[in-house]
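Visitor: Could you walk me through this one, and show me how each label is earned?
Guide: Gladly; let us put it on screen.

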Amino acid sequence: MADLHGLLQGHVDDGALPGAVGLVARDGQVEVAAAGSMAVGGAPMAVDSIFRFASITKPIAAAAVMMLVEEGRLALGEPIHAWLPELAEPVVVRTPSSEPGDVVPAARPITVYDLLTSTAGYGFPSDFSLPAVQRLFPVQRDGREVRGFPEADVWLAELAQVPMLYQPGQAYLYDTCSTLQGVLISRASGRSLPDFLAERVFEPLGMADTAFEVPAAKRDRFTSYYRTGLELVDGPDGQWSSLPAFPLASAGLAGTAHDWLAFARMLLAGGVTGGGRRLLSADSVRLMTSDHTTAAQRKVGELFLEGQGWGFGGSVDITDTEPWNVRGRYGWVGGTGTTAHLVPSTGTVSILLTQVGMDSPVPAAWMRDFWRYAATAS
C-alpha cells in the first residue's frame with residue numbers, strides 16, 4: 001500500500017468496502033484515487049462519483065451561519081428565540097439521569113454561539129441510555145435517513161417538547177445543534193436552506209455536484225449506500241432522488257471529493273475562493289477552526305470527540321493521541337462512511353468518501369488507515 005489507490009483497493013479486496021474515493025492535497029498537489037465499484041457488482045468507481053456526505057455537511061452549514069453573522073442578520077451572542085420562537089422557553093432535566101418529566105427552566109436563553117459549538121443543551125452524549133436521550137431519539141432521527149424527518153416547522157415543534165439534557169453552555173452534545181442551524185439559516189435569511197447554500201456557497205466555489213438531491217442526469221455517478229456487511233440501504237433512485245421535506249444541515253448533502261476540496265481550500269485561504277471572491281472573513285474562519293470547548297464540556301461527549309475539541313461545525317484536534325492528530329486539524333466524519341479534514345498549519349486536505357455506513361461513532365479501521373496515510377503524505 002505504497003500509494004493511495006493501493007490503500008483503498010486493499011479494503012475493497014478484503015470485502016469491507018464496495019468502493020471508495022480518496023483525496024489528499026497539499027502544496028498545490030492533489031493525489032486522488034478511486035477503487036472498487038459504485039455498487040456491489042456495479043460500474044467502476046470514478047473520482048467524480050457522488051456520495052452521501054452525511055455529517056461532513058456540518059462544517060458547510062456552520063460556514064453559512066457565519067455568513068449571516070458577518071452580514072449582521074445574526075450575532076454570536078444573540079438568543080435564537082427571535083428566529084426559533086419554539087425554543088424561547090426551554091426546560092432542562094433536573095440531572096442528566098432524571099426522567100423527562102423532572103425538569104427545571106433553562107438558566108439562560110440558547111444563543112447562536114451555543115448552536116455553533118454544539119453546547120445548546122440538545123443532542124447526544126456518550127451515554128445513550130439516559131432517559132432524556134431516549135426521549136430525543138424519536139425526534140432527532142438518523143440523519144442518514146432523510147425521508148424520516150418531517151418538515152422543519154413540524155420537527156422543531158416536536159423538539160420543543162423534548163427537555164434539554166444540560167443547561168445551555170454546559171456540555172458538548174452531538175448532532176441536534178447542527179440540525180437547528182439549518183432552520184436558523186432559512187428563517188434568518190428568508191431563503192430555503194438549499195437555495196441559500198447553492199447561491200452563497202456552492203456556486204461561488206464551483207461545487208457543481210453538491211446539493212440535497214441528485215438529479216436524474218447525474219445518477220449514473222451516484223453511489224449506492226450499504227450497511228456493514230454490504231446490505232443495501234439506498235440506491236441512486238432512492239432518498240436523494242428528490243428534495244426531502246426537511247433538508248438537513250446536519251447530514252443531508254451529497255457531492256464529490258473535489259467539491260469538498262473546494263470548500264476546504266476556501267477555509268485554508270482565509271475565506272477566499274480560488275477565483276478571488278471573499279465568502280468569509282479570516283476572523284470567521286479562525287473562529288470556525290478553533291476549539292471552543294472546555295474539558296468538562298468535552299467529557300460529556302467524549303465518545304464522539306475521542307479526546308479532541310470542537311469548533312463551529314467540526315472537530316478541532318487539541319491532543320496528539322494518534323499520528324494523524326495534528327493540533328488545529330479541523331473537519332469531521334459522516335455516518336455514511338465519509339471523512340474530510342484540513343490542517344491550517346500545513347495546508348493539507350484529506351477526504352475519504354465511501355458508501356458503507358458506520359455502526360458507531362468510533363471510526364472503522366479503513367478510515368483510520370486513510371488518516372494514517374494522509375498524515376504520512378503531509
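**Helices, sheet and cavity**

Guide: In α2, Ile60, Ala64, Met67 and Leu68 meet Phe196, Leu197, Arg200, Val201 and Phe202 of α7, where contact means heavy atoms within 4.5 Å. This is a predicted model, with local features needing pLDDT of at least 70 and side-chain atom pairs pLDDT 80 or more, while totals for chains, interfaces and linings use all residues. Residues are numbered from 1 along each chain, and side-chain values use heavy atoms, without hydrogens and water.

Visitor: What makes the contact of α2 with α7 divide into 8 nonpolar, no polar and 1 charged?
Guide: Ala, Val, Leu, Ile, Met, Phe, Trp, Tyr, Cys and Pro count as nonpolar, Asp, Glu, Lys and Arg as charged, and the others, Gly among them, as polar. Arg200 of α7 is in the contact and Arg counts as charged.

Visitor: Why are α2 and α7 called roughly perpendicular?
Guide: Their axes, lines fitted to C-alpha atoms over the stretch in contact, cross at roughly 95°. Angles of 65 to 115 degrees count as roughly perpendicular, so the label fits α2 and α7.

Visitor: What makes β2 and β9 stand at the edges?
Guide: The open sheet runs β2-β1-β13-β12-β11-β10-β9, and strands pair if DSSP finds at least two bridges between them. β2 and β9 each have a single partner strand, so one side of each lacks a neighbour in the sheet.

Visitor: How do you know that β11 and β12 pair?
Guide: 5 bridges join β11 to β12, and at least two are needed, so the two strands pair.

Terms used. Axes fitted to C-alpha atoms, helices over the stretch in contact; angles between N-to-C directions. Helix = DSSP H or I, 4+ residues; strand = E, 2+ residues; numbered from the N terminus. Parallel < 35°, antiparallel > 145°, perpendicular 65-115°, else oblique.
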